[in-house]
Structures are given as C-alpha cells and as structure tokens.
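Okay, hi everyone, thanks for letting me go today. Have a look at the structure on the screen, and then I'll walk you through its pockets, its cores and its salt bridges.

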Amino acid sequence: MQLDRSGLEILGPDECRDLLRHAEVGRIVFTHNALPAIQPVNYVLDGDDVVFRTSRTSRLATAASGAIVAFEIDAFDVGARTGWSVVAIGPARRVSAPGEIAALERLDLRAWAPGQRDQFVRLRPEMLSGRRIPGENGVASHDAAMALGLHPGDNGSALI
C-alpha cells in the first residue's frame with residue numbers, strides 16, 4: 001500500500017477505473033463566467049470515458065465544448081471515519097456524430113433530475129487519481145463500500 005505525504009492511501013489507475021464503473025453519480029467541475037462551477041450528474045463509463053447527459057442549452061453543455069474539466073466521485077463512512085475519492089481530469093466534448101449518439105443512447109444512463117437531457121457529453125480522462133482514508137488496521141469500512149453497492153472482491157476492487 002502506497003501512502004501520500006498526509007497518510008492517505010494512493011489508489012492505482014485500475015482501482016480508480018473500477019470505482020468509476022460502480023458509481024452512478026459524480027460531480028463535474030467546469031468554468032462558468034470565469035469562475036469554478038460544480039454540478040452533480042448521473043453518468044456511465046463508455047470504455048474509459050465518462051459520459052453524461054445534459055440540456056443542450058445548459059451552462060454545462062456550453063462549458064463542455066473542448067474545455068478541460070474535472071470529474072469526481074467519492075464515498076464516505078462517517079461513523080468509521082473512512083472513505084475514498086477519485087478524480088478524473090481531461091477534455092470534455094459535446095457528442096454530435098449521429099452514430100456515436102445512437103451508440104450512447106443504448107447505454108444504461110438514466111438521469112434522476114426532471115427535464116430534457118438532449119446533449120451527450122464525453123470526458124476523456126488524461127489524469128486519473130484516487131485517495132483512500134484507511135480505517136482501523138488500514139482497512140476501510142464495509143459501509144462505505146455498500147454506499148456504492150460494492151461488495152468485497154467485486155471485479156478485484158479493494159474493500160472500501
């Protein structure tokens with residue numbers, strides 16, 4: 001187990017991708033009117049890319065036209081004081097090719113929020129990092145894993 005300078009466990013790229021595959025909601029960080037903005041989104045992975053839908057006229061769709069953005073997911077067990085976080089950084093782009101849109105429409109991507117989500121956005125991670133706060137004995141809590149529906153040993157992922 002590799003630790004950073006503050007004692008957090010550093011997650012490898014494979015574990016970061018595995019955690020990304022199991023979550024449904026993340027936060028996209030982008031620039032709006034020269035200020036940082038954060039918005040929760042439902043998403044899926046398509047290969048290694050993060051894909052979400054938004055309204056074609058939303059500030060997020062406007063900002064995600066070739067811009068570098070950050071995407072973050074996490075899970076925490078407050079009682080056990082454990083948890084983890086994964087951040088993906090890279091260019092985001094609006095999907096416009098009809099064949100690609102048709103393929104993305106077949107993915108299991110369902111928005112929780114009401115309203116029309118007529119624009120797919122694809123984030124291609126160029127930087128991927130993750131950290132975990134270990135619990136007692138260096139093992140993170142089972143409750144934090146269950147928050148994402150993960151179970152010990154799922155796809156080789158560590159118990160969260």
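So, let's start with the second largest pocket, where strand 3 gives the most to the lining, with four residues. Before I go on, keep in mind that this is a predicted model. Back to that pocket: helix 1 also supplies at least two residues of its lining. In total, 14 residues line the second largest pocket, and the ones nearest its centre are Glu-24, Tyr-43, Val-44, Asp-108 and Leu-109. What kinds of residues make up that lining? They divide into eight nonpolar, two polar and four charged. The space inside comes to about 190 Å³.

Now for the largest pocket, which holds about 240 Å³ of space. Strand 3 turns up here too, with four residues, the largest share of the lining. Strand 4 supplies at least two residues as well. This lining has 14 residues, and nearest the centre you'll find Pro-40, Val-41, Asn-42, Ala-111 and Arg-117. By type, the lining of the largest pocket splits into seven nonpolar, four polar and three charged residues.

Okay, on to the inside. In soluble globular proteins, nonpolar side chains tend to be buried together. Here, the largest nonpolar core has 26 residues. Which of them have the most contacts inside that core? Those are Ile-28, Tyr-43, Phe-52, Phe-71, Ile-73 and Val-86. You may remember Tyr-43 from a minute ago, as one of the residues nearest the centre of the second largest pocket. Plenty of elements give two or more residues to this core, including helix 1 (13-22), strand 2 (25-32), helix 2 (59-63) and strand 7 (119-123). Apart from this core lies another one, of six residues, among them Val-44, Val-51, Leu-104 and Leu-109.

Let me zoom in on Val-86 for a second. If you leave aside its neighbours within four places in sequence, Val-86 is in contact with residues including Leu-11, Leu-19, Phe-71, Ile-73 and Leu-128.

Last topic: salt bridges. How many are there in the whole structure? A search finds 14. In one of them, the side chains of Arg-27 and Asp-74 meet, at 2.5 Å from N to O. Arg-27 sits in strand 2 and Asp-74 in strand 5, 47 residues apart, so to speak of distant parts of the chain being linked is fair. As for how open they are, Arg-27 is partly exposed, with a relative accessible area of 29%, and Asp-74 is partly exposed too, at 25%.

Next comes the salt bridge between Arg-122 and Asp-46, at 2.8 Å from N to O. Arg-122 lies in strand 7 and Asp-46 in strand 3, so this pair ties together parts that are 76 residues apart in sequence. Is Arg-122 buried or exposed? Arg-122 counts as buried, because its relative accessibility is 8% and the cut-off for buried is under 20%. Asp-46, at 28%, counts as partly exposed.

One more pair: Asp-118 and Arg-56 form a salt bridge, with their closest N and O atoms 3.8 Å apart. Asp-118 is in the loop between helix 3 (98-105) and strand 7, while Arg-56 is in the loop between strand 4 and helix 2, 62 residues apart. Asp-118 is partly exposed at 26% relative accessibility, and Arg-56 is partly exposed at 41%.

And to finish, salt bridges that share partners join Asp-46, Asp-49, Arg-93, Glu-100, Arg-122 and Arg-124 into one network. That's it from me, thanks!

Methods: Residues numbered from 1 in each chain as written. Predicted model: local features only at pLDDT ≥ 70, side-chain atom pairs only at ≥ 80, totals over all residues. Heavy atoms only, no water. Core = buried A, V, L, I, M, F, W, Y, C linked by side-chain atoms within 4.5 Å. Buried < 20%, exposed > 50% of the residue type's maximum accessible area, 1.4 Å probe, protein only. Contact = heavy atoms within 4.5 Å. 1 Å grid on protein atoms, 1.4 Å probe; cavity = no way out; pocket = protein on both sides within 12 Å on 5 of 7 lines; lining within 4 Å. Points joined across faces, edges and corners; volume = space filled by probe spheres on them. Nonpolar A, V, L, I, M, F, W, Y, C, P; charged D, E, K, R; others polar. Salt bridge = Lys/Arg side-chain N within 4 Å of Asp/Glu carboxyl O.
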